[in-house]
Amino acid sequence: MSVSAGGDNPIFEQFKKIGIIPVVVLDDAKDAEPLAKALVEGGLPCAEVTFRTDAAAEAIGIMSKRSELLVGAGTVLTPEQVDKAVAAGAKFIVSPGLNPRVVKHCLEKGVPITPGTQTPSEMEQALELGLNVVKFFPAEPAGGLAMIKAVAAPYTHLRFMPTGGVNAKNVRDYLAYDKILACGGSWMVKKDLIKAGEWDKLTALVREAADIVKEIRG
Ligand code: 3PG
């Protein structure tokens with residue numbers, strides 16, 4: 001049986017369950033293992049490792065060794081980066097915008113993709129390509145929850161992953177809306193904490209975020 005890379009992929013069920021997808025920027029792959037441990041121990045067993053640094057592919061490889069952690073790649077801009085990410089072990093792809101070449105490549109490879117969208121036209125393009133989960137990016141500057149509620153009305157099957165400006169204060173409101181599959185954010189995996197090796201502090205922030213998911217979604 002073939003598994004669709006579109007919106008009914010089981011990975012999206014995992015997104016829903018986890019609720020908050022940590023968006024990670026790693027400058028040094030040596031931080032990948034302690035970060036993976038902090039995410040698992042804190043209760044958000046997932047990471048979107050962004051292709052903004054040269055360490056991304058190696059970090060995905062290291063983190064993917066933990067079977068309890070769902071690891072994907074973010075900031076994926078080209079089909080070549082999709083291949084690199086998947087070869088390293090990425091189970092899902094996230095992109096800041098909707099690039100049809102990247103989306104089609106993911107669909108051909110059977111890898112779930114959540115492309116960034118902001119406008120109804122971009123959302124329709126995603127639907128046209130066979131997706132029904134999109135990232136809403138950058139969520140807060142683009143109108144936040146009010147904008148998502150307004151655009152969600154005509155697209156009854158579309159589910160959203162708001163990312164960009166989501167934080168511990170506003171995430172409850174997003175999570176409480178049933179068209180939100182999960183939220184993406186970096187506030188619990190702050191770059192300065194990673195750089196300083198402050199794993200206990202980071203684990204506490206991850207736990208706080210995981211507790212919010214439990215509070216809102218049970
Ligand atoms: C990003 O572009 O880094 C992600 O969208 C995360 O945004 P955030 O840092 O505002 O959570």
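This short presentation describes the surroundings of the ligand and then one residue of the protein, Asn9.

The model is predicted: local features need pLDDT of at least 70, side-chain atom pairs count only at pLDDT 80 or more, and totals for chains, interfaces and linings use all residues. Residues are numbered from 1 along each chain as its sequence is written, and side-chain values use heavy atoms, with hydrogens and water left out.

Let me begin with the ligand. Which residues surround the ligand? They are Val23, Arg52, Phe137, Thr163, Gly164, Gly165, Gly185 and Ser186, where near means that a heavy atom of the residue lies within 4 Å. By class, this shell has two nonpolar, five polar and one charged residues; in this scheme Gly counts as polar, Val and Phe as nonpolar, and Arg as charged.

I turn now to polar contacts, that is, pairs of N or O atoms within 3.5 Å. A ligand oxygen is 2.5 Å from an N or O atom in the Ser186 side chain. For the side chain of Arg52, the corresponding distance from a ligand oxygen is 2.9 Å. At Gly165, a polar backbone atom is 2.7 Å from an oxygen of the ligand. Taken alone, the ligand exposes 310 Å², and the protein buries 76% of that, by the Shrake-Rupley method with a 1.4 Å probe.

Finally, consider Asn9, in the segment before helix H1 (10-18). Is Asn9 buried or exposed? Asn9 counts as buried because its relative accessibility is 6%, and buried means under 20% relative accessible area. A polar atom of the Asn9 side chain lies 2.9 Å from the backbone nitrogen of Ile11.

Technical notes. A polar contact is a pair of N or O atoms within 3.5 Å; within protein, one must be able to donate a hydrogen and the other to accept it, and residues adjacent in sequence count only if both atoms are side-chain atoms. Helices (H or I, at least four residues) and strands (E, at least two) are DSSP runs, numbered from the N terminus. Buried means under 20% relative accessible area, exposed over 50%, partly exposed in between (1.4 Å probe, protein chains only).
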